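Please look through the sequence and the structure below before reading on. The paragraphs that follow lead from single residues to the way the elements meet.

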Amino acid sequence: MQTVILVIHLLLALGLIAVILVQRSEGGGLGIGGSGGGGGGGGFGVMSSRGAANLLTRTTAILAGAFMITSIILALQSNSHTKPASILEQAPASAPAVTEPAEDTGPAAPTR
C-alpha cells in the first residue's frame, strides 16, 4: 500500500512541476507566453488566455492539495511501524547461563 501511495505522490510531484512551468509569470513563462495566450487571438480560440490561466491555477491547486494529502498519508504510515525495543532491554536469545567462574589457582607452571 505504501508503495502505491509513494508512486502516486511522485506522479503528483511531476505533474505539479509541469503545470507550474507552463503557467505564465511576470518573466514570460514557458508555455503560454505572449499576448495571444493559449487560445489564439481575437477570442476565436477554444480558450482565452484568462481561461487558460484559470484552468492552470485550479489544476495547480488540485495537484497541490492531493500532494499534501499523500504527504500526510505517507508520514502517518511511516510513523505506524512498530518501533524496535531498546538494545539495553533486549536479552540475547542464545546467551548461555551465567555460571560462577572456576576458582583461580594462579598461573600454570611452565612445561618443557
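In which helix is the place of Leu11? Leu11 belongs to helix H1, and at 57% relative accessibility this residue counts as exposed, a class that begins over 50% relative accessible area, whereas buried means under 20% and partly exposed lies in between, with a 1.4 Å probe and protein chains only. The model is a predicted one, in which local features need pLDDT of at least 70 and side-chain atom pairs count only at pLDDT 80 or more, while totals for chains, interfaces and linings use all residues. Residues are numbered from 1 along each chain as its sequence is written, and side-chain values use heavy atoms, with hydrogens and water left out.

The protein has 2 helices and 0 strands, where helices (H or I, at least four residues) and strands (E, at least two) are DSSP runs numbered from the N terminus. Of its 112 residues, 12% count as buried. The protein exposes about 9300 Å², and carbon and sulfur atoms supply 65% of that area, with accessible areas taken from the Shrake-Rupley method with a 1.4 Å probe and, for residues, only the protein chains shown counted as cover. Among contacts between residues at least 6 apart in sequence, 67% join residues at least 24 apart, a contact being heavy atoms within 4.5 Å.

Helix H1 runs over residues 2-22. Its 21 residues should span 30 Å at 1.5 Å a residue, and the end C-alpha atoms are 30 Å apart, which agrees; the expected span is 1.5 Å times one less than the number of residues. Within H1, the buried residues are Ile5, His9, Leu12, Leu16 and Val19. They cover an arc of only 95° around the axis, which puts them on the same side of H1, the arc being that of the directions from the helix axis to the C-beta atoms. The face turned away from this buried side carries the exposed residues Thr3, Leu10, Leu11 and Leu14.

What makes up the largest nonpolar core? It consists of 5 residues in all, namely Leu12, Leu16, Val19, Leu56 and Leu63, where a nonpolar core is a set of buried Ala, Val, Leu, Ile, Met, Phe, Trp, Tyr and Cys residues joined through side-chain atoms within 4.5 Å. The elements that give two or more residues to this core are H1 and helix H2, which covers 49-79, and the largest share, 3 residues, comes from H1. In soluble globular proteins, nonpolar side chains tend to be buried together. Leaving aside neighbours within four places in sequence, Val19 is in contact with Leu56 and Leu63, and also with Thr59 and Thr60.

Polar side chains also take part in the meeting of the helices. Thr60, which lies in helix H2, counts as buried at 16% relative accessibility, and a polar contact of 2.5 Å joins its side chain to that of Gln23. Such a contact is a pair of N or O atoms within 3.5 Å; within protein, one must be able to donate a hydrogen and the other to accept it, and residues adjacent in sequence count only if both atoms are side-chain atoms. With neighbours within four places in sequence set aside, Thr60 is in contact with Leu16, Val19, Ile20 and Gln23.

Which residue does the side chain of His9 meet in a polar contact? The partner is Thr70, whose side chain is reached at 2.6 Å. His9 itself is buried, with a relative accessible area of 13%, and, not counting residues up to four places away in sequence, His9 touches Phe67, Ser71 and Leu74 as well as Thr70.

C-alpha separations add some further pairs to this picture. Thr59, in helix H2, is partly exposed with a relative accessible area of 27%, and lies 9.4 Å from Gly15, C-alpha to C-alpha, although the two are 44 residues apart in sequence. Ala18, in helix H1, is partly exposed at 41% relative accessibility, and its C-alpha atom is 9.6 Å from that of Thr60, with their positions 42 residues apart in sequence given as the separation. The exposed Leu11 is separated from Phe67 by 9.2 Å between C-alpha atoms, the two being 56 residues apart along the chain. Ile73, placed in helix H2, counts as partly exposed at 33% relative accessibility, and the C-alpha atoms of Ile73 and Leu6, 67 residues apart along the chain, are separated by 9.6 Å.
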